[in-house]
Amino acid sequence: MRVSIIIVNWNGLEHLPDCLASLKRQSFRDFEVVLVDNGSTDGSLAYLRAEHPWVELVELPENRGFAGGNNAGLAKARGELIVTLNNDTEAEPSFLSELVAVADRHPQAGMVGARILNYFRPERVDSLGLAFCRDAMSRGDYRGRDFRELSLEPVQEILIPSACVALYRRRMLEEI
């Protein structure tokens, strides 16, 4: 298993059909999906068992939050590359192949970010990595800008990726 995708869910049933359907359309196929449910009460687990038996479930009795959920998923994940993905995401079919290709071309990089666009306005940037602002807060770089108007290289160095969709090398995670 090359890639493990970890999705943290808490009462996100409305988002799961689109998210999981987009993962089934991936051109890169050597991956597993580990979905961590943070104690949902909206029928998420019943839906997942009935409609997506290929998804590996980690059922938590309570909401451990985003970090706690991802840590529980990491304990179950088998991949050498770990991808965190928000449940309200619809991934392009080439999403995984492009992330893995960048990771392969840059073996020294412990993390790889992705272009994150607004779900309802796909030309609008949510994040192209995170940047620190003058007020010392981190925010999505280029947030709110129209992606079509930016003159950026297809791959560029970023400070850190947004964990709503990012690739991490297991080796790096184990080191730290």
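1. Two strands are said to pair if DSSP finds at least two bridges between them. The model discussed here is a predicted one. In it, Leu 35 stands opposite Leu 57 in strand β3. Leu 35 belongs to strand β2, residues 31-38, and β2 and β3 run parallel, joined by five bridges.

2. The sheet as a whole comes next. Six strands make up an open sheet with mixed pairing, and their order is β3-β2-β1-β4-β10-β5. The edges are taken by β3 (56-60) and β5 (111-113); each has a single partner strand, so one side of each lacks a neighbour in the sheet. On average, neighbouring strands of this sheet are turned by 20° against each other, direction ignored. As background, strands of a sheet pair through backbone hydrogen bonds, in either a parallel or an antiparallel manner.

3. Two helices should be examined together with the sheet. Helix α2 (residues 44-51) packs on the sheet and touches β1 (3-9), β2 and β3; the direction of α2 makes about 165° with that of β3. Helix α3 (residues 65-76) lies across β1, β2, β3 and β4 (81-86), and α3 runs at about 135° to β2.

4. Strands β1 and β2 form a parallel pair, joined by seven bridges. Two facing positions help to locate this pairing in the model: Ser 4 stands opposite Glu 32 in β2, and Asn 9 stands opposite Asp 37 in β2.

5. Is strand β2 enclosed or open to its surroundings? Eight of the eight residues of β2 are buried, so the strand is largely enclosed by the rest of the structure. In a regular strand the side chains alternate between the two faces of the sheet. In β2 both faces are covered: Phe 31, Val 33, Leu 35 and Asp 37 lie on one side, with Glu 32, Val 34, Val 36 and Asn 38 on the other, and all of them are buried.

6. Strand β1 is likewise mostly covered, with seven of its seven residues buried. From β1, Val 3, Ile 5, Ile 7 and Asn 9 point one way, while Ser 4, Ile 6 and Val 8 point the other way.

7. Glu 56 is placed in the edge strand β3. With a relative accessibility of 33%, Glu 56 counts as partly exposed, because that class lies between the limits of 20% for buried and 50% for exposed. Beyond residues up to four places away in sequence, Glu 56 touches Val 33, Val 34, Leu 35 and Lys 76. Glu 56 and Val 33 are 23 residues apart along the chain, and their C-alpha atoms are separated by 6.0 Å.

8. Leu 96 is found in helix α4 (residues 95-105). Leu 96 is buried, with a relative accessible area of 0%. Leaving aside neighbours within four places in sequence, Leu 96 is in contact with Val 3, Ile 5, Gln 26, Phe 28, Phe 31 and Val 83. The C-alpha atoms of Leu 96 and Leu 23 are separated by 8.8 Å, and these residues are 73 residues apart along the chain.

9. Asn 11 deserves a check of its backbone. Most residues other than glycine have a negative phi. Asn 11, although not a glycine, has a positive phi of about 50°. Asn 11 is placed in the loop between β1 and α1 (16-24), and it is partly exposed, with a relative accessible area of 26%.

10. How many disulfides does the structure hold? The count is zero. A disulfide is a covalent bond between the sulfur atoms of two cysteines. The cysteine sulfur closest to that of Cys 19 is in Cys 164, at 11 Å, which is too far for a bond, because a disulfide requires the two sulfur atoms to be within 2.5 Å. Cys 19 is buried, with a relative accessible area of 0%; Cys 164 is also buried, with a value of 16%.

11. The last point concerns the second largest pocket, which has a volume of about 200 Å³. Which element gives the most to the lining of this pocket? Helix α3 does, with five residues. Both α3 and β4 supply at least two residues of the lining. Among the lining residues are Phe 66, Ala 67, Asn 70, Ile 82, Thr 84 and Tyr 168. Ile 6 also lines the pocket, and Ile 6 is one of the buried residues of β1.

How values were computed: Residues numbered from 1 in each chain as written. Predicted model: local features only at pLDDT ≥ 70, side-chain atom pairs only at ≥ 80, totals over all residues. Heavy atoms only, no water. Helix = DSSP H or I, 4+ residues; strand = E, 2+ residues; numbered from the N terminus. Axes fitted to C-alpha atoms, helices over the stretch in contact; angles between N-to-C directions. Contact = heavy atoms within 4.5 Å. Buried < 20%, exposed > 50% of the residue type's maximum accessible area, 1.4 Å probe, protein only. 1 Å grid on protein atoms, 1.4 Å probe; cavity = no way out; pocket = protein on both sides within 12 Å on 5 of 7 lines; lining within 4 Å. Points joined across faces, edges and corners; volume = space filled by probe spheres on them.
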